[in-house]
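Biologist: Could you take me through the surroundings of the ligand in this model, and then the strands and helix that go with them? Please spell out your cut-offs as you go.

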Amino acid sequence: MANRQSQPQQSTADQSREPDLAIDARDVTVTYRDGTKAVRGVSLRIEKGEFFGFLGPNGAGKTTTIKSLVTLLYPTQGSVRINGYDAATDPQMVRRSIGYMAQETSIDRELTPRENLQLACKLYGVPAEQRDERIETLLDLVDLQDVADTRSEKFSGGMKKRLDAASVLVHRPPVVFLDEPTTGLDPEARLRLWEYFERINEQGTTVFLTTQYLEEADELCDRLSLLQNGQVIATGSPETLKSEFGMDVFEITLENPAEEQIERGVQAIRRIDALEDPIVRTTDDGFAIRSDRIREVASEFFSALDDAGVSVSDFDVRSPTLDDVFLALTDDSSADDDRIGTGMASMSAGEVST
Ligand code: ADP
């Protein structure tokens, strides 16, 4: 359903620009009036048709960046081109090329889904003779046909989000920006939205998604950038990032997870020279070790713990997740509960040392 628009002419001065990019942001820097440097030199090159994730903890600068990309805010420095159009000189064409789903839903609760979509069609200038067909297609796409004529005020959070997502698509934009669309939703509602985002992407729409949920990005995105303190600290596919930066994790459950036993176990593990600077964190019932050398050294864990008089009741070796990548890339001194995702918060909470 994405309607790929023809590309505008590139001027000679713009030849360094790549017209086939859906999003071409260069050195975007935003300093708010109070001096807060929210975004510090972010560059993004996103191909048409990509599902791109933009991840970071609260306050990292995700919303400020997205606002710069959708022309709600002009960067202090740097440039933005969306679908070939310059956001500074051609903001109208940028706005016509995009759908923007903000964190706060923008639907009118007094109206039904069908009425909300009719209103959106009018606002976006969809020709009257095309409106009915588009509205029916979108109601189908987001599974709201059954309640199309019911007032939206009693809808669940997930239903409201689906309606909001449909309403930003009425003009068939080739690029869609979704700012933390699943925050606060229950797992089932989140899964339904994921299906919907995948569907619009399969139909050719470029999707730019910001999220705090690393597993969401892992599931959906072709590529992603990790943002911290207004700067991109890594970009790549989830698989590449995990294989480049992630470390295997060995999780050990103790028979007696008393504080003294856990501490004794941690000390025993840290004495294994071959581990080379493992990162050890305590858990509710034992501890977890992250290291590049886990699989080679794992057998030594058991004898080291046995020698220390610490009994193991269970263990597990798992591959790195994006949470582990983020942890590996960020300074442990900045660890707090605002770190990305639930896994991230719990991972950092009990960090012992490196
Ligand atoms: P995120 O979306 O990743 O949570 P934001 O872009 O909302 O991050 O915020 C980045 C930083 O900019 C934060 O330190 C935030 O407090 C600050 N900030 C956001 N909006 C404003 C504003 N209007 N004025 C001043 N500072 C702001």
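Modeller: Here's the ligand shell, then the sheet and helix, and then how far to trust the model.

Ground rules first: this is a predicted model, so local features need pLDDT (the predictor's confidence in each residue, from 0 to 100) of at least 70, side-chain atom pairs count only at pLDDT 80 or more, and totals for chains, interfaces and linings use all residues. Residues are numbered from 1 along each chain as its sequence is written.

Now the shell. A residue is near the ligand if its C-beta atom, placed from the backbone, lies within 6 Å of it. By that test the ligand is surrounded by Tyr 32, Asp 34, Thr 36, Ala 38, Gly 56, Asn 58, Gly 59, Ala 60, Gly 61, Lys 62, Thr 63 and Thr 64. They split into seven polar, three nonpolar and two charged. For that split, Ala, Val, Leu, Ile, Met, Phe, Trp, Tyr, Cys and Pro are nonpolar, Asp, Glu, Lys and Arg are charged, and the others, Gly among them, are polar. Helix α1 (residues 62–69) gives the largest share of the shell, three residues. Helices here are DSSP runs of H or I with at least four residues, strands are E runs of at least two, and both are numbered from the N terminus.

What does α1 sit on? It lies across β1 (21–31), β2 and β4, at about 120° to β1. That angle is taken between N-to-C directions, from 0 to 180 degrees, with axes fitted to C-alpha atoms, for helices over the stretch in contact; contact means C-beta atoms, placed from the backbone, within 7 Å.

Those three strands belong to an open, antiparallel sheet of four, ordered β2-β1-β4-β5. Its edges are β2 (37–47) and β5 (85–86), each pairing on one side only. Strands pair if DSSP finds at least two bridges between them, and β4 (residues 77–82) and β5 have two, in the antiparallel sense. Arg 81 has Asp 86 of β5 as its bridge partner.

As for trust, the chain averages a pLDDT of 86, and 88% of the residues score at least 70. Over residues 332–354, though, the pLDDT is below 50, and this stretch has 43 contacts in the model beyond near neighbours in sequence. At the other end, residues 1–15 stay under 50 too, with 22 contacts beyond four places in sequence.

Technical notes:
Two residues are in contact if their C-beta atoms, placed from the backbone, lie within 7 Å.
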